[in-house]
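Trainee: I have a model open and would like to go through its side chains and helices. Can we take it in short steps?

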Amino acid sequence: MAYSEGEVTEDQVLDSLGAIDGKVIFDLSSALLAGNVVGALNLLEELYNYGHDLKRLYRQMLDHFRHLLLVKMGQTAPPLVDVPANEMILMKRQVEAISLESINEFFAALFKGEAGIRLSAQPKLALEALL
């Protein structure tokens with residue numbers, strides 16, 4: 001990276017691409033799965049204040065819940081779930097105590113909200129309404 005001196009970190013690469021760290025996706029999905037809406041809203045507010053693209057966040061969350069659904073159904077191999085091994089371990093832990101129906105409800109709700117978020121001039125409000 002031309003704007004960076006020294007060794008480039010993963011965080012710098014993610015930031016330059018506008019991607020959101022996988023840990024944040026896990027934190028947000030964990031809050032939602034635990035019914036901690038206030039925690040999820042606070043995390044969303046932090047991401048918004050940091051300047052992240054919330055439409056990109058939405059897409060990452062949709063992919064994450066799709067992966068969680070497939071992992072819960074026992075599908076843990078590419079091409080259906082093509083994630084690094086460490087993320088697969090975290091996903092398996094994340095879905096252990098959650099029913100397939102609950103994960104499916106979150107995935108379906110996220111999927112149904114796609115047009116509203118994608119077309120919204122205020123994606124933060126659209127995401128808050130979805131949570």
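Trainee: Which residue lies over the face of Tyr48?

Mentor: Keep in mind that this model is predicted. A charge counts as sitting over a ring when it is within 6 Å of the ring centre and within 35 degrees of the ring normal. Here the distance from the ring centre is 5.1 Å. The residue over the face of Tyr48 is Lys124.

Trainee: How many aromatic pairs does the structure hold?

Mentor: Ring centres must lie within 6.5 Å to pair. Phe65 and Phe106 form one such pair, at 5.5 Å centre to centre. Phe107 and Phe111 form another, at 6.3 Å. The number of aromatic pairs is two.

Trainee: Is the pair of Phe65 and Phe106 stacked or edge-to-face?

Mentor: A pair of aromatic rings is described by the distance of the centres and the angle of the planes. Planes under 30 degrees apart count as stacked, over 60 as edge-to-face. For Phe65 and Phe106 the angle is 25°. The pair is therefore stacked.

Trainee: How many residues apart in sequence are the parts that Phe65 and Phe106 tie together?

Mentor: Phe65 lies in helix α4, residues 54-72. Phe106 lies in helix α6, residues 100-112. So the pair links parts whose separation in sequence is 41 residues.

Trainee: Is Phe65 buried or exposed?

Mentor: Buried means under 20% relative accessible area. Phe65 has 0%. Its partner Phe106, at 26%, counts as partly exposed. Phe65 itself is buried.

Trainee: Which helix holds both Phe107 and Phe111?

Mentor: These two rings are stacked, with 25° between the planes. The residues are four apart, about one turn of the helix. Phe111 is exposed, with a relative accessible area of 54%. The helix that holds both is α6.

Trainee: Is α2 roughly parallel or antiparallel to α3?

Mentor: Helix α2 covers residues 22-33, and helix α3 covers residues 37-50. Their axes come within 8 Å and cross at roughly 150°. Angles over 145 degrees count as roughly antiparallel. So α2 and α3 are roughly antiparallel.

Trainee: How many residues in the contact of α2 with α3 are nonpolar?

Mentor: From α2, the contact includes Val24, Leu28 and Asp27. They meet residues of α3, among them Gly39, Leu43 and Leu47. One residue of the contact is polar and one is charged. The nonpolar ones number seven.

Trainee: How far apart in space are Asp63 and Val81?

Mentor: Asp63 is in helix α4 and is partly exposed, at 44% relative accessibility. Val81 is 18 residues from Asp63 in sequence. C-alpha to C-alpha, the distance is 9.6 Å.

How values were computed:
Residues numbered from 1 in each chain as written. Predicted model: local features only at pLDDT ≥ 70, side-chain atom pairs only at ≥ 80, totals over all residues. Heavy atoms only, no water. Phe/Tyr/Trp six-rings, centres within 6.5 Å; stacked < 30°, edge-to-face > 60°. Helix = DSSP H or I, 4+ residues; strand = E, 2+ residues; numbered from the N terminus. Buried < 20%, exposed > 50% of the residue type's maximum accessible area, 1.4 Å probe, protein only. Axes fitted to C-alpha atoms, helices over the stretch in contact; angles between N-to-C directions. Parallel < 35°, antiparallel > 145°, perpendicular 65-115°, else oblique. Contact = heavy atoms within 4.5 Å. Nonpolar A, V, L, I, M, F, W, Y, C, P; charged D, E, K, R; others polar.
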